[in-house]
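User: I would like to go through this model and check the reasoning behind each label. Please show it first.

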Amino acid sequence: MADTRASLTVGRRLATALLGAGFAMAAGAGPALAQSHAPIPVWQGAEANNAAAIALHNQGYAYARLGYYRPAIDAYNQALALAPGWASLYANRAMAYRQLGESAKALSDVQRSIELDRDMVRKWQEWLARLGFYHGAIDGLHGPLTEQAIAAWAGAPQVPARPATAVAQ
């Protein structure tokens, strides 16, 4: 009985987070939305016209906001299978990997997001500056200060993840 109640509670929280993420995506909300929990900014990408990829992106975002980083990564992986050129998916997956302490994967996804969309450099600079990791000009140039900030962020302590087994399917 307790497991059922816990699953229902998590399911309700996930549904609420999904609705919030869906409304945020529809309204074009930016990184400020994500500051209520683990900061996972929502950035629109070039392949955002794929409705299934958007739904999976929103699902991953919702899981990440609730602290369920492994299910978030799974959702981002599914979305990337549909929209492999969507840089925001790599950025968001990088943040989930970082929360799980998987720095090498996080760094790889940061670099891939930048390769796919050069404007991601500016977005990473803005976001890392808000977190206190980047202290240079927000200029969109991928230089040593940006690289140092990304590396420092990837190696910083993470918010504890919630166990994936607690998520209602």
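Analyst: What follows takes the labels one at a time, for a model that is predicted.

User: What does the secondary structure of the chain come to?

Analyst: Seven helices and zero strands. From the N terminus on, the elements run α-α-α-α-α-α-α.

User: Why is D109 called buried or exposed?

Analyst: Buried means under 20% relative accessible area. D109 has 5%, so D109 is buried. This residue lies in helix α5.

User: What is D109 in contact with, leaving aside its neighbours within four places in sequence?

Analyst: Y90, R93, A94 and Y97. Contact here means heavy atoms within 4.5 Å.

User: How do you know that the span of helix α5 agrees with its number of residues?

Analyst: Helix α5 covers residues 103–116, which is 14 residues. The expected span is 1.5 Å times one less than that number of residues. That gives 20 Å, and the end C-alpha atoms are 20 Å apart, so the two agree.

User: Which residues of α5 are buried?

Analyst: A106, D109, V110, S113 and I114.

User: What puts these buried residues on the same side of α5?

Analyst: Their arc. They cover only 140 degrees around the axis, so they sit on the same side of α5. The arc is taken from the directions from the helix axis to the C-beta atoms.

User: Which residues are exposed on the other side of α5?

Analyst: A104 and E115. Exposed requires over 50% relative accessible area.

User: What covers the buried residues of α5?

Analyst: The cover includes α4 (87–99), α6 (120–131) and α7 (144–155).

User: Now helix α3. How do you know that its span agrees with the expected value?

Analyst: By the calculation at 1.5 Å a residue. Helix α3 has 14 residues, 69–82, and should span 20 Å. Its end C-alpha atoms are 20 Å apart, which agrees.

User: Which residues of α3 are buried, and what do they pack against?

Analyst: The buried residues are Y69, P71, A72, I73, A75, Y76, A79 and L80. They pack against α2 (51–65) and α4.

User: And the chain as a whole: what share of its residues is buried?

Analyst: Buried residues make up 43% of the 169 residues. The chain exposes about 7900 Å². Carbon and sulfur atoms supply 58% of that area.

User: What share of contacts between residues at least 6 apart in sequence joins residues at least 24 apart?

Analyst: In this chain, 63% of them do.

How values were computed
Residues numbered from 1 in each chain as written. Predicted model: local features only at pLDDT ≥ 70, side-chain atom pairs only at ≥ 80, totals over all residues. Heavy atoms only, no water. Helix = DSSP H or I, 4+ residues; strand = E, 2+ residues; numbered from the N terminus. Buried < 20%, exposed > 50% of the residue type's maximum accessible area, 1.4 Å probe, protein only. Areas by Shrake-Rupley, 256 points an atom, 1.4 Å probe, with all protein chains shown as cover.
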